[in-house]
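Me: I am new to this structure and would like to know how its descriptions are reached. Could you take me through a few of them?

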Amino acid sequence: MTNSDGRESKKKEVIAIVGAGISGLLACKYCLSKGFDPIVFESESSIRGVWTKTVESTKLQTPKPFYQFSDYPWPDTVIELFPDQQTMLEYIESYANHFDLVRHIQFNNKVLSLSYEEDNNDGECNLWEEAFSSKGKWNVTVQDTRTLSAQVYKVDFVIVCLGRFSQVPNIPEFPPNKGPQTFEGEVIHSMDYSKMDSAAAANFVKGKHVAIVGFQKSGMDIAMECSTVNGVELPCSVVIRTPHWNVPDYFPWGFPMANLYLNRFSELTVHKPGEGLLLHLLATIFSPLRWAFSKFVESHIRHKLKLSKHGMVPEHSFLNELSSCLISTVPEGFYDRVDEGSIKLIKKAENFGFSKEGIVLDGQSEPIKSDLVILATGFKGIEKLKHIFESPKYQEFIAGSDDFAVPLYRECIHPRIPQLAIIGFSESIANLFTSEIRCRWLAEFLDGKFKLPDIKMMEKDIAEWDKYKKRYSKKYYRRSCIGALHIWHNDLLFKDMGWNPKRKRGLWAEWFEPYGPLDYSV
């Protein structure tokens, strides 16, 4: 069989992959390993995903031993524990070239919509009886971003790898007559700032009173860049609604954090979805230890960053932060800039609006005078994901309600959306190797190595995971994060595939050494 662009397929089924970021490349690689010939649609002119859309000074947030491909480790020439943006881009590009993935990617091709065309409707009970169904196919509408011409591809399976940190910015809602249109300065989202190179960004903020709304990674990185350019003469104001346990390093009091949270023993302290009586009792018995781990890390962060002095001690626990995948690394010297006065922290700003002069916080009459406001307020990942579907029914399946996270079995498959998987939306502590294991799981499923449970069983499992997310992530659980249970999650995937989930040599190593990508290499 010859597919739409003339390439010979080893297997007849046509698989479309949406996005050529890390998850899309991994999906492509593992589909190829099973004899499929996937078509990868990428809206940009190059690969590398979210790393092409970050502030230039941004560095990797996870220590690189936990953020690498299992079969393509970091080269010895990269000695930094937290590589910078350019090094990350080179590593991802090198991976794609090494496994000859680029020839499968159609660049400058944006997927506008997905619609499922069903030959007959036998109800939902047999939707996932097999990966490829003769009952229906997906129509993938793709636009060439250079010519604006559109083409529809008919495929047997779709793997959506859009990620959640791009394209659809999260813009806060403002009171009447207090929106950005009232402001005489300029308002942009951090997404727009990230598109600038370092010289253009420096020139853009130079000589301006800059206010940044948001205190996650992009907000801190932009504040550092602005303070470097403008110094104490024009301090950068950072408006913070909720302080976070952002970490100065991954060695609290000199002890590796991975030994506290990335081994099997640490997961015994957490209640798990589908746990039996013994594991439930162990998690209950070890709950004081779980609390002690969190307090141990918190004490280090408080001490090293002088959080009490700056009024930046969070009200939630470090475990809540970890379980929500909200951990960010504080740029080196950030609080030194606060002390010198080139960065000014505006704390516990629950709500704000605009006046002509700048930002106005609730309960305050004087504005934060600004020439430029940068909204580092994140992205609407769920909105981006749901609107790729033409069907309102499928959109509703994805969006769900405010009471539930995006309902994905094994964080990959919606039980009621056939012949489609979503990779890279649900997060973990180290997204790269979590996506890799999910792609391996999916490739084994596509190759017929195992079957999925029926819809009701999958939905029951999803509900169990939702309870876990609500319990440990608190108000942030909608981020679909499995942060504190990544080994448990990987175990389930390995058991589905019929592989041994225990990857270490020796009892001590199995229970107390951290698990990382290289443990899962074949």
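Reply: Gladly! One part to begin with is the set of buried residues in H17: His-486, Ile-487, Trp-488, His-489, Asn-490, Asp-491, Leu-492, Leu-493, Phe-494 and Met-497. Keep in mind that this is a predicted model.

Me: What makes H17 largely enclosed by the rest of the structure?

Reply: A residue counts as buried when its relative accessible area is under 20%. Ten of the twelve residues of H17 are buried, so the helix is largely enclosed. Its cover includes helix H7 (264-267), helix H8 (277-285), helix H15 (431-446) and helix H16 (455-473).

Me: How do you know that the reach of H17 is close to the one expected?

Reply: H17 spans residues 486-497, and from first C-alpha to last it covers 17 Å, against 16 Å expected at 1.5 Å a residue. Just after this helix comes Gly-498, whose phi is positive, about 80 degrees.

Me: Why is H8 called oblique to H9?

Reply: Their axes cross at roughly 50 degrees and come within 4 Å. Angles under 35 degrees count as roughly parallel and 65 to 115 as roughly perpendicular. The crossing fits neither class, so H8 is oblique to H9. On the H8 side the contact is made by Ala-283, Thr-284 and Ile-285, and on the H9 side by Ser-287, Pro-288 and Arg-290.

Me: What kinds of residues make up the contact of H8 with H9?

Reply: Three are nonpolar, two polar and one charged.

Me: Where does pLDDT stay under 50?

Reply: That happens over residues 1-8. The chain as a whole averages 91, with 95% of the residues scoring at least 70.

Definitions and conventions. Residues numbered from 1 in each chain as written. Predicted model: local features only at pLDDT ≥ 70, side-chain atom pairs only at ≥ 80, totals over all residues. Heavy atoms only, no water. Helix = DSSP H or I, 4+ residues; strand = E, 2+ residues; numbered from the N terminus. Expected span 1.5 Å × (residues − 1). Buried < 20%, exposed > 50% of the residue type's maximum accessible area, 1.4 Å probe, protein only. Contact = heavy atoms within 4.5 Å. pLDDT = per-residue confidence, 0-100. Axes fitted to C-alpha atoms, helices over the stretch in contact; angles between N-to-C directions. Parallel < 35°, antiparallel > 145°, perpendicular 65-115°, else oblique. Nonpolar A, V, L, I, M, F, W, Y, C, P; charged D, E, K, R; others polar.
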